[in-house]
Amino acid sequence: MAYESGVKQAQRANNLSLEGRRRLAVNGVEDVESFDEEQVVLHTTEGALVVKGSELQIGRLSLDTGEVDISGLVNELRYEEIASAGSLWARLFH
């Protein structure tokens, strides 16, 4: 069992591969929050990944394996921290 959980973690590692600003492959994707032709927001194992560009399209999506392929002109890749779900008071006064 320990071997199997180690293999699953290795498959969920967050990796990016950008080919000529026109094709982006992302591993370690847990969810797709939103997407349109100018922005795609993915929740990954390393935080929220925001992809900005033009004519963006999701070509392949497999949340089972954590893989997403995006085509179009990529202008920006940015990670954002996912806010913790602490209590209201902790979030207000942090």
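Arg78 has a relative accessible area of 29% and is therefore partly exposed. In this predicted model, Arg78 takes part in two of the salt bridges described below, one with Glu76 and one with Glu80.

**Salt bridges**

The protein contains 5 salt bridges. Three of them are set out here, with the separation of the closest N and O atoms or the N to O distance.

| Salt bridge | N to O distance |
|---|---|
| Glu76 with Arg78 | 2.6 Å |
| Arg78 with Glu80 | 2.8 Å |
| Arg60 with Glu67 | 2.8 Å |

The two acidic partners of Arg78 can be placed by their accessibility. Glu76 has a relative accessible area of 30%, so Glu76 is partly exposed. Glu80 reaches 34% and is partly exposed as well. Salt bridges with shared partners also link Arg23, Arg60, Glu67 and Asp69 into one network. Within that network, Arg60 is joined to Glu67. Arg60 counts as partly exposed because its relative accessibility is 37%. For Glu67 the value is 24%, which again means partly exposed, since the buried class ends under 20%.

**Overall architecture**

The fold comprises 2 helices and 6 strands. Along the sequence these elements run in the order α-β-β-β-β-β-β-α. Of the 94 residues in the protein, 26% are buried. Taking contacts between residues at least 6 apart in sequence, 44% connect residues at least 24 apart. The accessible surface amounts to about 6,600 Å², and carbon and sulfur atoms account for 50% of this area.

**Surface patches**

Which residues form the nonpolar patch on the surface? The members are Leu16, Leu18, Leu77 and Tyr79, and together they have about 330 Å² of accessible area. Strands β1 (15–19) and β6 (67–80) are the elements that each give two or more residues to this patch. Leu18 belongs to strand β1. With a relative accessibility of 41%, Leu18 is classed as partly exposed, because exposed residues need over 50%.

A negative patch is also present on the surface, made up of Asp36, Glu37, Glu38 and Glu55. One of these residues, Glu55, sits in strand β5, which spans residues 47–62. Is Glu55 buried or exposed? Its relative accessibility is 55%, so Glu55 counts as exposed.

Methods:
Residues are numbered from 1 along each chain as its sequence is written. This is a predicted model: local features need pLDDT of at least 70, side-chain atom pairs count only at pLDDT 80 or more; totals for chains, interfaces and linings use all residues. Side-chain values use heavy atoms; hydrogens and water are left out. Helices (H or I, at least four residues) and strands (E, at least two) are DSSP runs, numbered from the N terminus. Buried means under 20% relative accessible area, exposed over 50%, partly exposed in between (1.4 Å probe, protein chains only). Contact means heavy atoms within 4.5 Å. Accessible areas come from the Shrake-Rupley method with a 1.4 Å probe; for residues, only the protein chains shown count as cover. Patches are made of residues with over 30% relative accessible area and no salt bridge: like charges are joined within 9 Å, nonpolar side chains (Val, Leu, Ile, Met, Phe, Trp, Tyr) within 5 Å. A salt bridge is a side-chain nitrogen of Lys or Arg within 4 Å of a carboxyl oxygen of Asp or Glu. Lys and Arg count as positive and Asp and Glu as negative; His and the chain ends are not counted. The place of a charge is taken as NZ of Lys, CZ of Arg, CG of Asp or CD of Glu.
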